[in-house]
Amino acid sequence: MKIIKHYLNGQDYDGGDRTSDIFNPATGEVISKVQLGNKKVVNETIDISLKALENWTKTTPAKRASIMFNYKKLLEDNANTIAELVSKEHGKTIEDAKGSLQRGLEVVEYACGIPNLLKGEFSSQVGTGIDTFSMKQPLGICVGITPFNFPVMIPLWMFPLATACGNAFILKPSERDPSSTLKLVELYEKAGAPKGLVNVINGDKEVVDALIENKNISSISFVGSSKVASYIYQKSASYNKRVQALGSAKNHMVVMPDADVEQASDALIGAAFGSAGERCMAISVAVAVGNVADDLIKSITPKINQIKVGPYNDKNSEMGPVVSKQALDRIKSLISSGVDDGADLLIDGRDIKLQGYESGYFIGPCLFDNVKTNMSIYKEEIFGPVLSIVRADNYDQALKLVKENPYGNGCSIFTRDGDTARDFSNEANIGMIGVNIPIPVPVAYYSFGGWKNSIFGGHNAYGMEAIRFYTKVKTVTSKWPQGIRQGAEFKMPTLG
Ligand code: NAD
């Protein structure tokens with residue numbers, strides 16, 4: 001059986017006594033094992049990173065940009081291979097995996113403009129004969145800890161921008177699907193990044209703790225569940241690290257009575273069931289306002305029933321399995337709790353059977369109506385293909401639901417009324433808002449981040465926010481001796 005190792009200094013690296021199984025979620029088979037690193041591996045990686053950093057900080061931003069241009073091309077050329085690696089270990093369809101790579105590629109394109117992004121500020125004559133300028137300088141060694149659901153897109157939010165800013169980077173991908181992440185780093189080196197600039201350590205909490213505790217690490221970028229995000233934030237802060245930690249979500253889509261119901265139900269299908277609901281920007285709650293709920297259910301039901309569930313390598317498949325047996329069991333148990341709590345399970349995908357894939361982690365799409373805010377299916381992030389409809393009498397009630405939810409990653413409103421949309425955009429205490437857009441993931445030259453329990457730390461991912469996160473500002477105030485312009489003197493210099 002293949003053992004996936006760490007990737008240090010441009011080659012596989014053997015380290016750590018423990019391994020974790022990697023599954024094909026469509027069949028439930030163990031397809032490989034991944035080594036779990038430890039403090040020793042972390043210490044050796046730090047030495048490699050420090051060495052790589054010595055030369056890298058001296059490279060010009062233009063040189064780094066030229067590597068980034070090569071990298072963009074290589075990612076495009078290898079899109080099929082990368083998508084296959086994602087799908088095999090994650091379970092999502094190939095098309096979905098390609099889409100996520102594309103969103104990561106946009107960040108690489110943004111990083112191609114690094115000479116412009118690193119420009120500083122200059123003020124002439126802040127005092128008589130005094131000028132002030134500021135520059136953005138790299139932090140040193142930055143760390144990224146990434147979740148299973150986007151093993152390519154989320155690492156691409158991090159290391160291209162961090163290294164373009166002049167830092168070295170250590171990636172700790174999810175232990176559930178590391179292969180595509182490893183491929184990304186291999187390709188970065190092929191594009192011209194020096195070996196050892198980006199290293200990958202596989203592992204779990206043991207490696208994460210060792211990285212945070214290491215004095216040579218300057219910053220921690222984390223994306224994953226809120227429970228772990230909060231832990232990472234607190235621990236990193238106690239070790240005086242710069243930290244950004246993006247967490248879980250419970251995204252609502254408000255459907256107003258004046259919305260185009262067909263358009264709203266089409267949008268919900270993709271947003272709730274795409275990638276089997278394992279997206280931090282998935283819509284898991286539809287808030288149906290006024291009398292729109294019945295029409296919405298009428299419109300969405302046949303569309304849900306047509307969703308083709310299947311393995312990633314079936315070309316007709318629109319929704320793959322969930323990532324693990326534990327995830328499947330947790331989702332099913334939340335569905336049972338919804339039924340016990342009195343919500344109406346209109347579509348029940350729990351008993352789906354796929355010939356030849358009986359041991360896979362498949363669950364069909366599920367639809368609940370009359371979900372109430374005190375139910376676990378409303379309160380918990382399900383992270384599976386389960387859509388809950390909550391009925392609200394009016395707009396104010398719908399907005400209140402959004403505002404009172406402890407998570408604040410994304411939300412959207414479907415309406416034809418500009419005034420309502422504008423009020424919602426201003427009032428919702430959520431980081432990313434869509435108006436007639438179900439999954440409002442911002443383009444790479446904006447930035448990605450939620451509010452409330454969906455983020456810990458002051459910086460969003462990518463965009464200018466990331467440039468600020470991965471650099472320190474240095475401000476120089478300077479004055480030059482005056483009088484040089486009086487010209488040369490030929491007589492013997494005398495004091496005074
Ligand atoms: P997770 O929190 O279990 O794991 C994320 C990373 O943290 C992994 O690399 C894992 O190895 C590591 N980790 C896990 N437990 C740890 C611990 N106790 N101490 C230190 N490190 C630990 O998340 P996941 O299951 O991989 O991903 C799904 C979650 O991520 C969902 O909650 C989803 O909403 C969230 N997510 C958020 C965003 C966002 O941008 N806000 C994006 C994607 C996923």
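In which hand, left-handed or right-handed, does helix 2 pass helix 4? I opened the predicted model with that in mind. The crossing of helix 2 with helix 4 came out left-handed.

**Entry 1: helices 2 and 4**

I looked up the geometry of this pair next. Helix 2 spans residues 61–77 and helix 4 spans residues 94–111; their axes lie 9 Å apart and make an angle of about 165°. Angles over 145 degrees count as roughly antiparallel, and I therefore put helix 2 and helix 4 down as roughly antiparallel to each other. For the contact I listed M68, Y71, K72, L75 and E76 on helix 2, and L101, L105, V108, E109 and A111 on helix 4. Sorted by class, the residues where helix 2 meets helix 4 are seven nonpolar and three charged, with no polar ones.

**Entry 2: helices 8 and 9**

I repeated the exercise for helix 8 (residues 205–213) and helix 9 (residues 226–238). They pack at about 30°, with 9 Å between their axes. Angles under 35 degrees count as roughly parallel, so helix 8 is roughly parallel to helix 9. I noted the crossing of helix 8 and helix 9 as right-handed. Helix 8 brings K205, V208, D209, I212 and E213 to the contact, and helix 9 brings Y231, I232, K235 and S236. By class I have four nonpolar, four charged and one polar residue in the contact of helix 8 with helix 9.

**Entry 3: nonpolar cores**

I then turned to the cores. The largest nonpolar core holds 94 residues, and Y71, W157, Y188 and Y470 have the most contacts inside it. Helix 6 (residues 153–164) gives the most to this core, nine residues. Apart from this core lies another of 69 residues, including F148, M256, L328 and Y395.

I also checked W157 on its own. Beyond its neighbours within four places in sequence, W157 contacts V107, V223, L246, F448, A461 and Y462.

**Entry 4: two positive phi values**

Y462 was worth a second look. It has a positive phi, near 40°, and is not a glycine. I located Y462 in the loop between strand 22 (455–456) and helix 16 (463–469). Is Y462 buried or exposed? Its relative accessibility is 2%, so it counts as buried.

K452 is also a non-glycine residue with a positive phi, about 50°. I found K452 in strand 21 (residues 451–452). K452 counts as partly exposed because its relative accessibility is 26%, and partly exposed runs between 20% and 50%.

**Entry 5: V243**

I placed V243 in strand 12 (residues 242–246). V243 is buried, with a relative accessible area of 9%. Which residues does V243 contact, leaving aside neighbours within four places in sequence? I listed I220, I232, Y233, S236, F456, G457, G458 and F469. V243 and S221 are 22 residues apart along the chain, and their C-alpha atoms are separated by 5.9 Å.

**Entry 6: P311**

Last, I looked at P311. It sits in the loop between helix 11 (292–305) and helix 12 (325–340). With a relative accessible area of 6%, P311 is buried. Not counting residues up to four places away in sequence, P311 touches A26, S317, Y357 and F362. I also took the C-alpha to C-alpha distance from P311 to G431: 33 Å in space, with their positions 120 residues apart in sequence.

Notes:
Residues numbered from 1 in each chain as written. Predicted model: local features only at pLDDT ≥ 70, side-chain atom pairs only at ≥ 80, totals over all residues. Heavy atoms only, no water. Core = buried A, V, L, I, M, F, W, Y, C linked by side-chain atoms within 4.5 Å. Buried < 20%, exposed > 50% of the residue type's maximum accessible area, 1.4 Å probe, protein only. Helix = DSSP H or I, 4+ residues; strand = E, 2+ residues; numbered from the N terminus. Contact = heavy atoms within 4.5 Å. Axes fitted to C-alpha atoms, helices over the stretch in contact; angles between N-to-C directions. Parallel < 35°, antiparallel > 145°, perpendicular 65-115°, else oblique. Left-handed = near helix turned anticlockwise from the far one by under 90°. Nonpolar A, V, L, I, M, F, W, Y, C, P; charged D, E, K, R; others polar.
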